[in-house]
Amino acid sequence: RDGANAPLMTRVLKPGDTLKVPDRNGLTLMTGNAGGLDILVDGEAVPSLGAPGQVRRNVALDADKLKAGTAIGRP
């Protein structure tokens, strides 16, 4: 979602899929399988968003927050 909460993309990722996120402020992610995602920022893995099958909403797609493990928003 963008900063106005409008969906930018709705897609189910399959094993091996890659999604490159544009460098824009205010983007968020919702996932139904937080532990199934490998997230890289500048080619480096960041802390997991959660356990396999765990739903996460309002994950800030902000490089600094992802690297620090603080990207997870309120439900």
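Is Asp-17 buried, exposed or partly exposed? Select Asp-17 and keep that question in mind while we set the scene. You are looking at a predicted model, in which local features need pLDDT of at least 70 and side-chain atom pairs count only at pLDDT 80 or more, while totals for chains, interfaces and linings use all residues. Residues are numbered from 1 along each chain as its sequence is written, and side-chain values use heavy atoms, leaving out hydrogens and water.

**Stop 1: Asp-17 and its partner**

With a relative accessibility of 34%, Asp-17 is partly exposed; that label covers values between buried (under 20% relative accessible area) and exposed (over 50%), using a 1.4 Å probe and protein chains only. Now add Arg-11, which is partly exposed at 46%. Arg-11 and Asp-17 form a salt bridge, with their closest N and O atoms 3.7 Å apart. The term means a side-chain nitrogen of Lys or Arg within 4 Å of a carboxyl oxygen of Asp or Glu. Side chains of opposite charge can pair when their charged atoms come close.

**Stop 2: another salt bridge**

The count of salt bridges comes to two, so there is another to find. Select Asp-42 and Lys-67: their closest N and O atoms are 3.5 Å apart. Asp-42 sits in the loop between strand S2 (40-41) and strand S3 (44-45), and Lys-67 in helix H1, so this pair ties together parts 25 residues apart in sequence. Helices (H or I, at least four residues) and strands (E, at least two) are DSSP runs, numbered from the N terminus. Asp-42 is exposed at 67%, whereas Lys-67 is partly exposed at 44%.

**Stop 3: Asp-2**

Go next to Asp-2, in the segment before strand S1 (28-31). Asp-2 is buried but has no salt bridge, and the nearest side chain of opposite charge, Arg-24, is 4.7 Å away. Lys and Arg count as positive, Asp and Glu as negative, with His and the chain ends not counted. What does the side chain of Asp-2 reach at 2.9 Å? One answer is the backbone nitrogen of Ala-4, and the backbone nitrogen of Ala-6 is reached at 2.9 Å as well.

**Stop 4: Thr-31**

Move on to Thr-31 in strand S1, which is buried at 9% relative accessibility. A polar atom of the Thr-31 side chain lies 3.1 Å from the backbone nitrogen of Asn-33.

**Stop 5: Ala-68**

Finish at Ala-68 in helix H1 (residues 63-68), exposed at 54%. Select Gly-32 too: the two C-alpha atoms are 21 Å apart, with these positions 36 residues apart along the chain.

Note on methods:
A polar contact is a pair of N or O atoms within 3.5 Å; within protein, one must be able to donate a hydrogen and the other to accept it, and residues adjacent in sequence count only if both atoms are side-chain atoms.
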